[in-house]
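Q: I would like to learn how to read a few features of a protein model, taking them one at a time. Could we begin with what counts as an element of secondary structure, and then go on to faces, loops and pockets?

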Amino acid sequence: MPQHDAKKKRFYWIEGVTRREVEKSLNDQRPSLFRQQKPRRTLVVVGAISIFGLALNAFVPGVKLASYLEVLMLILITGTYFKLRAAVRHVSDAPDELLDERQITMRNAAYVVAYRWLTFVSLALVLLLIAAEDTKLFGWSFNVDSEDLSRCALAFLFLAAGLPASVMAWQLPSEVFDDETGNRANGALD
């Protein structure tokens, strides 16, 4: 196998993408609903609600109901995560060598915003866990156990993984396509 082909199939473990996946996404000229700002923002909202729902699921009474809701939230979170990555053409997760300078700048700016938000969420989560430790709030008794903590931790990990793509999806303008050719006229990530 030539070295050129081996390099094309390279998998970036830290970023979780392949060279082929990123290049294919960046070169895709087909119009897509999720390359428009409003549908992307809808995906961000659905993902955020799902992550928040997974964290709140720790306080749902009844094991059966909680497990059904947890599976539903995990399906929604996973689906929106992968769709958001594709909607921003994998730029939020691509390594520097696969992007041009403008795309790197956009990705890095999204990371700055994402991790500022993650800091606020982390602080709120820590304060919530401290406050919820064997206390009563509005008549509800909160007793945080290891299963509840694992749901909150899982929601936090999904949030951390998906925030850069969510920030990019929220901030990017809609891609404009040429009506005659169907190709991108002025793609936001070109």
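A: Helices here are DSSP runs of H or I with at least four residues, and they are numbered from the N terminus. By that reading Leu26 is found in helix α2, and please keep in mind throughout that this is a predicted model.

Q: Which residues of helix α2 are buried?

A: A residue is called buried when its relative accessible area is under 20%, and exposed when that value is over 50%. In α2, which spans residues 19-27, the buried residues are Arg19, Val22, Ser25 and Leu26. Viewed down the axis of α2, these buried residues fall within an arc of 145°, so they line one face of the helix.

Q: Why would such residues line one face, and what does the face turned away from the buried side carry?

A: The general idea is that an α-helix has 3.6 residues a turn, so residues three or four places apart point the same way. On α2, the face turned away from the buried side carries Arg20, Lys24 and Asn27, which are exposed.

Q: What is the relative accessible area of Leu26, and which residue has its C-alpha atom 5.7 Å from that of Leu26?

A: Leu26 has a relative accessible area of 14%, and is therefore buried. The C-alpha atom at 5.7 Å from that of Leu26 belongs to Arg89, although the two residues are 63 residues apart along the chain. Arg89 is found in the loop between α4 (63-87) and α5 (101-132), and Arg89 is buried as well, with a relative accessible area of 0%.

Q: How should I read phi in that loop, and what is its sign at Arg89?

A: Most residues other than glycine have a negative phi. Arg89, which is not a glycine, has a positive phi of about 60°. His90, which lies in the loop between α4 and α5, also has a positive phi, near 60°, and is likewise a residue other than glycine. His90 counts as buried, at 9% relative accessibility.

Q: How is empty space found, and how much of it lies in the largest pocket?

A: Rolling a probe the size of a water molecule over the atoms shows where empty space is left. In this model the largest pocket holds about 780 Å³. It is lined by 30 residues, of which Ala48, Ile51, Phe52, Val121 and Leu159 are the closest to its centre.

Q: Which helices supply the lining of the largest pocket, and what is the character of its residues?

A: At least two lining residues come from each of α3 (37-56), α4, α5 and α6 (146-171), and α6 gives the largest share, twelve residues. By character, the lining has 25 nonpolar residues, five polar and no charged.

Conventions
Residues numbered from 1 in each chain as written. Predicted model: local features only at pLDDT ≥ 70, side-chain atom pairs only at ≥ 80, totals over all residues. Heavy atoms only, no water. Buried < 20%, exposed > 50% of the residue type's maximum accessible area, 1.4 Å probe, protein only. Arc of directions from axis to C-beta. 1 Å grid on protein atoms, 1.4 Å probe; cavity = no way out; pocket = protein on both sides within 12 Å on 5 of 7 lines; lining within 4 Å. Points joined across faces, edges and corners; volume = space filled by probe spheres on them. Nonpolar A, V, L, I, M, F, W, Y, C, P; charged D, E, K, R; others polar.
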